[in-house]
Amino acid sequence: MLSNVLKRVNPARAIMGRLFLWFWVTFIVTALLAIWGSRVFFEELEVVDVKPRDVAELNAISQRLARPRLADASLLELLNRSSRGLRGRLAAINIATEELTIAGGPPLRANDKRDLQRLVSQSSPIAIKRGAIKLVGPVFFERNGERYALFSAKFDMPERKAPPVLLFLIIALVTTTLLSWLFARTLTNPILHIQGSVKKLAGGDWHTRVDKAANRQDELGQLARDFNTMAEQLESMWGAQKRLLADVSHELRSPLARLQMALGLAHQQNVDPETLTRVEREADRMEALIRQLLALSRAEAGEVSLQTIPLSLALNDVFTDANFEAANSNKQLLIQAIPEYTVCVDSMMLCRAVENVLRNAIRHSHYLTEVSFNADATHWFIHITDDGDGLSKEECERIFAPFYRASLARERESGGVGLGLSIAKAAVELHHGRITAAPANKGGLHVTLAFKKQ
């Protein structure tokens, strides 16, 4: 549960969140490095007050280093051992040779080494500071006949400069957060706008265009303009396809009417009945195809006449005919009680959609076809399930395409041409709904028609 919540609020899941975090972290790290660098490397040398405690520590260590019993020990080893009690490091300079010996740790900066060389001439201890490094000394001692100057080097950040640094960090944090968010938003807003237009275009809204992003003069603007060009070409092609479909359907009706008239004359002249029956059957199939093509053209053209009626009244005739067809095929149709919904629909298109899906289910069922209803806050649903052989998931995504037939031989036997489910899809989308198909849990096919509430 907690992991799911963290995933949802994780800003790195979206490109805007990643851009914001990247630039924000970059700005913050840069600011911190700049502050640290200015404190450590670029501050001027200043003389500060000597703390008696620091001088006392140096005097005690110098007396220890001058002890005769430690004369054979290495000076570096003694400095390392004495540094353990300090919050810093010790350094000793041979007065005669100017050789510098420093307790273990990272090497001192060149400026700090030069500062130590200058302090050797001081007769009494002083404290100087460059950046965050404070040097205290010299305290003199003798060892093996040679004179040395002892110093301590400590890391010291003054408290009096903390408030300005904290204020600078707060200002940097607020400024970089705001600027990073604005920068990320200016990049992702046009991307989201284009994404929304792509979804609309994929959903069949051929008039959708990208407006604001197309006015940009960068790569995102070019992408938006290319999208608009593609959308215009697709709209033009889709319009040409619909016009062609409608024109061909209308043009075929005239020769079909003449063919049917010729069949009537042939029957009167006692032409071979078997031949005439075959020709008549093919003419009927052609007429059914043209009728379906015209219905598909009207549905895709958006010709709709909405009216508010009870759902039971709209579907009563469809279910009566479906029951009759199922009984003639020795199959059973179970229809759940129709809810008392009052719907705003084009009753002819609604009936055509439900009838096409229902007849398809009865035709391909082994014995049982079921119809059920339900609703949520935004849609009401009709579910049609059969117990036939069913389809694969890939076929379920393709069966609503015009002229697609999952089983060519079976459709030929039933006289289908692959337009029924295409008409159903167009009719449902005419009501701003959607139609989906999926394999049923117990075998067969489950089709859902979802209609948006008005």
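Here is a short chat about reading the core, the cavity and one helix in a predicted model.

Student: Before we start, what should I know about the model and its numbering?

Tutor: Residues are numbered from 1 along each chain as its sequence is written. This is a predicted model, where local features need pLDDT of at least 70, side-chain atom pairs count only at pLDDT 80 or more, and totals for chains, interfaces and linings use all residues, while side-chain values use heavy atoms, with hydrogens and water left out.

Student: Which residues touch the most other members of the largest nonpolar core?

Tutor: A nonpolar core is a set of buried Ala, Val, Leu, Ile, Met, Phe, Trp, Tyr and Cys residues joined through side-chain atoms within 4.5 Å. Buried means under 20% relative accessible area, exposed over 50%, partly exposed in between (1.4 Å probe, protein chains only). Here the largest core has 41 residues, and Leu-350, Val-354, Ile-382, Ile-384 and Leu-449 touch the most other members. H10 supplies the largest share of this core, 9 residues. Elements such as H10 are DSSP runs numbered from the N terminus: helices (H or I, at least four residues) and strands (E, at least two).

Student: What does Val-354 touch?

Tutor: Contact means heavy atoms within 4.5 Å. Leaving out residues up to four places away in sequence, Val-354 touches Leu-315, Val-318, Phe-319, Ile-382, Ile-384 and Leu-449.

Student: And how do I read empty space inside the protein?

Tutor: Rolling a probe the size of a water molecule over the atoms shows where empty space is left. A cavity is a set of points, on a 1 Å grid over the protein atoms alone, where a 1.4 Å probe fits but cannot get out; lining residues have an atom within 4 Å of a point. Grid points are joined across faces, edges and corners, and a volume is the space filled by probe spheres set on the points. This structure holds 1 cavity of 30 Å³ or more, and the largest has a volume of about 40 Å³. Its lining includes Val-357, Asn-360, Ala-361 and Ile-384. H10 gives the most to that lining, with 3 residues.

Student: Is H13 enclosed or open?

Tutor: Largely enclosed by the rest of the structure, because 9 of its 11 residues are buried. Among them are Leu-421, Ile-423, Val-428 and Leu-430. After H13 comes His-432, with a positive phi near 60 degrees.

Student: How many disulfides are there?

Tutor: A disulfide is a pair of cysteine sulfur atoms within 2.5 Å, and the structure holds 0. Cys-344 is partly exposed at 23% relative accessible area, whereas Cys-351 is buried at 18%.

Methods
1 Å grid on protein atoms, 1.4 Å probe; cavity = no way out; pocket = protein on both sides within 12 Å on 5 of 7 lines; lining within 4 Å.
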